[in-house]
Amino acid sequence: MPYEQSKKAAQYVRMSADMQRYSTENQKSLIALYAASHGFQIVKTYADEGKSGLSIKGRAGLQQLLQDVRGGNAGFGTVLVYDVSRWGRFQDADESAYYEFLCRESGIAIRYCAEEFANDGSITATIIKSIKRLMAAEYSRDLSNRIFLAKCSMTRRGFSHGGRAVFGLRRMLVDDYGQLKGILENGEQKFLSSHRTILVPGPEREVDTVRRVFGEFAWTDVSISALTAKLNAEGIRNSTGHLWRVKGVRAMLSNEKYIGNNVFGMTSFKLRARRLKHDPATWVRAEGVFQPILAKDLFDRVQDKLRGINRRVTKFDLLSHLTAIWCKHGALSTTVILDTPGCPSANTFERHFGSMLDAFKAVGYRRGSQRLVYVSTRQLVSDLVARELRRWGHSVKEIGDRKQAKLLVNDELVISIAIAHWFYRTRDGRPRWLLKRSITHQSDLLIIVRASEKTSHIIDYLFVPDLTSDVAQQLLLDRCHLDIQKFAASTLEPLRVLVARDGLYETPLARIREPIAVAVKGAHLPNFSHLRLNRKTTHAKILLRALQRYSASMAAFIAKRRRVAARQRVLEASLQHLFCDPTFIKTLKGEGLDSLPSLTSDRVFVERT
């Protein structure tokens, strides 16, 4: 390291909310004296103000320091820190040592200005530094225990210890002698440390709303979701001024503060390690310390009803439900489960088993549906496409979920993969496939896979622009008026051309293509009056309604196709004008963009002679 850079130093300062004597200004003053006496020039400051030292999360200053050091963009050779505790109070001393090691590995030394030992790597310095790290961690643990005991004591005495008051209640400030001093509004804090806060009934309108919500839930069959929707429809906002959510209404219905009880210790997040829920037997509860706004019998009735809703369902219970439904109906499906009163929702089964199909397998039921085969085929094609793209030199990320297969190519193109479901064969033997209505893609390119009737063999791939997601259902025919066969290919070779990159170059102004007017004949719903069908029969009526729905769907698709094509041509013309500007091309290349995907460049650049 050059001598000039070795004498340049950065300072790191941190202040936590409960350590005001270690303010950042005081740390900077002592670090400045240390730098002057040791010949260092402070060239950069990294600061974390009001941040706990228990974790690196949320400490943007330390994160930026490590990023600069690891990236080789430091510009200094030493980091000056006030003491070991300012570097962090990590509960694992090895974590603190690891971050210091990252700096030392990159040639950056760490010096603790207020410590009596020199951080020179000697045995003495290493031992003392390890003890200091353990002392810093132990201080946080001891402080956490003392604060917890103090809050328990305040809870038993009937005082509220921080936080926003719940809906229908307000914070009242009291002095040392219990005299009321005034209401604390949201955001206001007490001025004297000896003052305390209690909870009192809020505005009459909010109190009436709380009583009405408890009464409706206790004596009617209304659900929590319905109560939430009703409160929002009436324009009633929660304590934060926002719309109500189901979680907030559920919390209101289970809050003991409305009957005058002060409860603490339901959850804990000690030392920022992990948030824990505690058993109600361990809660600290003081009964009757606040003025209640609800009758206890009404509150108890609501709690009994909530316990019936919140009862934890086990896998055994879910399998018992499935067995009973299977025996009753002779089959299992999501629709049957939703129509069965008292049965848990489909989300509950998916949360315990991963999917409905896995739940059916666990009970021994095998569906006759091909859905499982479709899912495996889609994953197989997704892996194949990703493997081919990587072989062609592109970066690929899987950004889909269990319902959709999506690939992000080169951090710029989104490719969706869908499986066309086998539908039927016509009288002359031509196949028909169906693209499910539930598929929503929102991607740059949609690859539709058409497989054989048993989905064991892939017939071809359709590389289509994603214009079909708004259509209710799509029949993918071998020949149809949408000319879908122009998008078909038996291999993935067209994908190589679409994602290939073309270099940026200036487009002569004279060679810009004008927007082409898209002429699509207007689609009219067909008239089925000439069909010689007995319309009184059930099958004829069903057929006519199906044809009308499909015709309306295709008419909507053609109208959308016309609008999208017109906007696309306008966008292409605008991009062509931009690429005629040499300054624009230089700016793109200066940002590292020297090429575009062929899928984009074919629409922007004019063919060269």
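A salt bridge here is a side-chain nitrogen of Lys or Arg within 4 Å of a carboxyl oxygen of Asp or Glu. Keep that cut-off in mind for the first stops. And remember throughout that you are looking at a predicted model.

**Stop 1: R86 and D83**

Select R86 and D83 and show their side chains. The two meet in a salt bridge, with N and O 3.9 Å apart. Colour by accessibility and you'll find that both R86 and D83 are buried. This pair is one entry in a longer list, since the count for the structure comes to 21 salt bridges.

**Stop 2: from helix α5 to helix α6**

Next, pick E100 and K129. Their side chains also form a salt bridge, this one at 2.8 Å from N to O. Because E100 sits in helix α5 (residues 93-105) and K129 in helix α6, the contact ties together parts that are 29 residues apart in sequence. Both E100 and K129 are buried.

Now add R104 and R133 to the selection. Together with E100 and K129 they make up a network of salt bridges.

Stay with helix α6 and move to K132. What does K132 form a salt bridge with? Its partner is E115, and the closest N and O atoms of the two are 3.2 Å apart. This is another link between distant parts of the chain: K132 is in helix α6, while E115 is in the loop between β4 (109-112) and α6, 17 residues away. Is E115 buried or exposed? Its relative accessible area is 14%, so E115 counts as buried. K132, at 30%, counts as partly exposed.

**Stop 3: the nonpolar patch**

Before leaving this region, switch on the surface and select I123, I127, I131 and M135. These four make a nonpolar surface patch of about 430 Å². I123 is a good one to click on: it lies in helix α6 and is exposed, with a relative accessible area of 67%.

**Stop 4: aromatic rings**

Hide the surface and show the aromatic side chains. How many aromatic pairs does the structure hold? There are 12.

Start with F167 and W244. Their rings are 5.2 Å apart, centre to centre, with 80° between the planes, an edge-to-face pair. Trace the backbone from each ring and you'll see a link between distant parts of the chain: F167 belongs to the loop between α6 (123-156) and β5 (169-174), and W244 to the loop between α8 (224-233) and α9 (246-253), 77 residues apart. Both ends are covered. F167 counts as buried because its relative accessibility is 6%, and W244 is buried too, at 8%.

Then go to W326 and Y365. The ring centres lie 5.2 Å apart and the planes stand at 75°, so this pair is edge-to-face. W326 is in helix α11 and Y365 in the loop between α14 (356-362) and α15 (371-391), so the contact ties together parts that are 39 residues apart in sequence. As for cover, W326 is partly exposed, with a relative accessible area of 29%, whereas Y365 is buried, at 13%.

One more selection with rings: F90, Y98 and Y99, which form one aromatic cluster.

**Stop 5: the positive patch**

Bring the surface back, coloured by charge, and select R245, K247, K277 and R312. These residues gather in a patch of positive charge on the surface. Zoom in on R312. Where is R312 placed? It is in the loop between α10 (296-309) and α11 (315-329). With 72% relative accessibility, R312 counts as exposed.

**Stop 6: the loop between β13 and β14**

Finish with some backbone geometry. Select N410, in the loop between β13 (405-409) and β14 (413-425). Its phi is near 55°, a positive value in a residue other than glycine.

Step along to D411, which is found in the loop between β13 and β14 as well. D411 also has a positive phi, about 60°, although it is not a glycine. Show its side chain and the surface around it: D411 is exposed, with a relative accessible area of 51%.

Conventions:
Residues numbered from 1 in each chain as written. Predicted model: local features only at pLDDT ≥ 70, side-chain atom pairs only at ≥ 80, totals over all residues. Heavy atoms only, no water. Patch = residues over 30% accessible without salt bridge, like charges linked within 9 Å, V, L, I, M, F, W, Y side chains within 5 Å. Areas by Shrake-Rupley, 256 points an atom, 1.4 Å probe, with all protein chains shown as cover. Lys, Arg positive; Asp, Glu negative; His and termini not counted. Charge placed at Lys NZ, Arg CZ, Asp CG, Glu CD. Helix = DSSP H or I, 4+ residues; strand = E, 2+ residues; numbered from the N terminus. Buried < 20%, exposed > 50% of the residue type's maximum accessible area, 1.4 Å probe, protein only. Phe/Tyr/Trp six-rings, centres within 6.5 Å; stacked < 30°, edge-to-face > 60°.
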